[in-house]
Amino acid sequence: DGLSTITAASIDTLSTHFPMCMQNLHTNLKANSHLKHYGRLQYTLFLKGIGLNLDECIVFWRRSFKLMTDDKFAKEYKYNIRHSYGDVGGDANRRGRGYTPYSCQKILTEPLPGAGQNHGCPYRTFTVDNLTALLQKTGVNDRDLLRTVKEDVGKQRYHVACNRVFEWAHRREIKKVKDDGSWSATDLDTIVHPNTYFKRSWLLKH
Ligand code: SF4
C-alpha cells in the first residue's frame, strides 16, 4: 500500500501525517538533534507502528543525533531501540515482538513532561497559547475550529480536540470517501491511537 517500504529517509515526508504528539517529537528532535528518554520511547514505538523496521529505525536515530559520536550512540542508545523492537532483553514474552506502540489513553495518563522533555500529548501538556501556535504552524488556522479546540481542552477532552483537528484537516477527503461510499462509518470511528491517526491520514490523502 505504499507504506511497505518506509525507510529512515521517508520519515520527514511522512511526518505531515503525524498527530501533534508525534509532530512535536519530530520537530524537537530536528531542532535539538536529541530527545530525552520518554520522548524517544514514545516516538520509537510509534515509528515501529507505522512500519519502520529495526535497521531503518536505528539509521533514523543515528542520523537524527547529528552531534553524537558513533561510539556514544552504539553504547547508550542503540540497545534501547533494539529493546523496543524486542531484538534484545525483555522477558520471553516480549522477545521478538518488543513493546506495543502507545495509545492515546496511555500517552494521556502518563506523568507530564518536565523541563526539556517533549513526550506526551500537546493537547494536554501545552498551554493554550502554545498549542494554538503549534496548530497554526501545521496549517490549522480556522478561527472557529481553534476556539472549539480551546473549549475541548478546557474540559480536558484532549482526544476530542485531536479528532476535531483531524476531521478539519481532512474534511475534503472525508467528504469524498463518504459520498462515494468507499469508506464505511467504522473506517471513520473516533481515533484513539496515534498510529490510527497516521494510517487514516495517509490513506485519505493517497
Ligand atoms: Fe496524539 Fe492521541 Fe494526543 Fe492526538 S489525542 S495528539 S493522537 S496522544
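These exercises work through a predicted model, each with a stepwise solution.

**Exercise 1. The domains**

Task: State which domains the chain is assigned, and how many residues each puts into the contact.

Solution.
- Step 1. The domain assignment gives domain 1 (8-101) and domain 2 (122-205).
- Step 2. Taken over C-alpha atoms, the centres of domain 1 and domain 2 are 24 Å apart.
- Step 3. Domain 1 brings 13 residues to the contact, and domain 2 brings 14 residues.

**Exercise 2. The nonpolar core**

Task: Find which residues of the largest nonpolar core touch the most other members, and which helix gives the largest share.

Solution.
- Step 1. The core holds 58 residues. Phe18, Tyr43, Trp61 and Tyr123 touch the most other members.
- Step 2. Helix 11 (residues 158-169) supplies the largest share, 6 residues.
- Step 3. Domain 1 (8-101) and domain 2 (122-205) each contribute at least three residues to this core.
- Step 4. Take Phe18 in detail. Leaving out residues up to four places away in sequence, Phe18 touches Ile11, Gln23, Tyr43, Phe46, Leu47, Ile50, Tyr197 and Phe198.
- Step 5. Set this against a general trend. In soluble globular proteins, nonpolar side chains tend to be buried together.

**Exercise 3. Helix 11**

Task: Compare the span of helix 11 with the expected value, then list what its buried residues pack against.

Solution.
- Step 1. Helix 11 has 12 residues, so at 1.5 Å a residue it should span 16 Å.
- Step 2. The end C-alpha atoms of helix 11 are 17 Å apart, which agrees.
- Step 3. The buried residues of helix 11 are Tyr158, Ala161, Cys162, Asn163, Val165, Phe166 and Trp168.
- Step 4. These buried residues pack against helix 7, helix 8, helix 9 (128-137), helix 10, helix 12 and helix 13.

**Exercise 4. Helix 2 and the largest pocket**

Task: Describe the span and buried residues of helix 2, then give the share of the largest pocket's lining that comes from helix 2.

Solution.
- Step 1. Helix 2 (residues 20-32) has 13 residues. From first C-alpha to last, helix 2 reaches 18 Å, close to the 18 Å expected.
- Step 2. Its buried residues are Met20, Cys21, Met22, Gln23, Asn24, Leu25, His26, Asn28 and Leu29.
- Step 3. The largest pocket has a volume of about 420 Å³. Its lining has 22 residues, and Ser15, Thr16, Met20, Gln23 and Thr138 lie nearest the centre.
- Step 4. Helix 2, helix 9, helix 11 and helix 13 each give this lining at least two residues. Helix 2 gives the largest share, 5 residues.

**Exercise 5. The cavity**

Task: Count the cavities of 30 Å³ or more, and say which helix gives the most to the lining of the largest.

Solution.
- Step 1. A general point on the method: rolling a probe the size of a water molecule over the atoms shows where empty space is left.
- Step 2. The count is 1 cavity of 30 Å³ or more.
- Step 3. The largest cavity holds about 120 Å³ of space. Of its 15 lining residues, Cys21, Cys104, Cys121, Tyr123 and Cys162 are the closest to the centre.
- Step 4. Helix 2, helix 7 (104-109), helix 8 (122-125), helix 11 and helix 13 (194-205) each supply at least two lining residues. Helix 7 gives the most, with 3 residues.

**Exercise 6. Positive phi**

Task: Place Ser33 and Gln156, and decide whether each is buried or exposed.

Solution.
- Step 1. Recall the general rule. Most residues other than glycine have a negative phi.
- Step 2. Ser33 is not a glycine, yet its phi is positive, about 55 degrees. Ser33 lies in the loop between helix 2 and helix 3 (37-50).
- Step 3. The cut-off for buried is under 20% relative accessible area. Ser33 has 13% relative accessibility, so Ser33 counts as buried.
- Step 4. Gln156 also is a residue other than glycine with a positive phi, near 60 degrees. Gln156 sits in the loop between helix 10 (143-154) and helix 11.
- Step 5. The cut-off for exposed is over 50%. Gln156 has a relative accessible area of 58%, so Gln156 is exposed.

**Exercise 7. Two C-alpha distances**

Task: Give the C-alpha separation for Lys178 and Leu188, and for Pro111 and Lys78.

Solution.
- Step 1. Lys178 lies in helix 12 (residues 171-179). Lys178 counts as exposed, at 55% relative accessibility.
- Step 2. Lys178 and Leu188 are 10 residues apart along the chain, and their C-alpha atoms are separated by 9.3 Å.
- Step 3. Pro111 is in the loop between helix 7 and helix 8. Pro111 counts as exposed, at 64% relative accessibility.
- Step 4. Pro111 and Lys78 are 33 residues apart in sequence, and 25 Å apart from C-alpha to C-alpha.

Terms used
Residues are numbered from 1 along each chain as its sequence is written. This is a predicted model: local features need pLDDT of at least 70, side-chain atom pairs count only at pLDDT 80 or more; totals for chains, interfaces and linings use all residues. Side-chain values use heavy atoms; hydrogens and water are left out. A nonpolar core is a set of buried Ala, Val, Leu, Ile, Met, Phe, Trp, Tyr and Cys residues joined through side-chain atoms within 4.5 Å. Buried means under 20% relative accessible area, exposed over 50%, partly exposed in between (1.4 Å probe, protein chains only). Helices (H or I, at least four residues) and strands (E, at least two) are DSSP runs, numbered from the N terminus. Domain bounds come from an automatic or database domain assignment. Contact means heavy atoms within 4.5 Å. The expected span of a helix is 1.5 Å times one less than its number of residues. On a 1 Å grid over the protein atoms alone, a cavity is a set of points where a 1.4 Å probe fits but cannot get out, and a pocket is an open set with protein on both sides within 12 Å along at least five of seven lines; lining residues have an atom within 4 Å of a point. Grid points are joined across faces, edges and corners, and a volume is the space filled by probe spheres set on the points.
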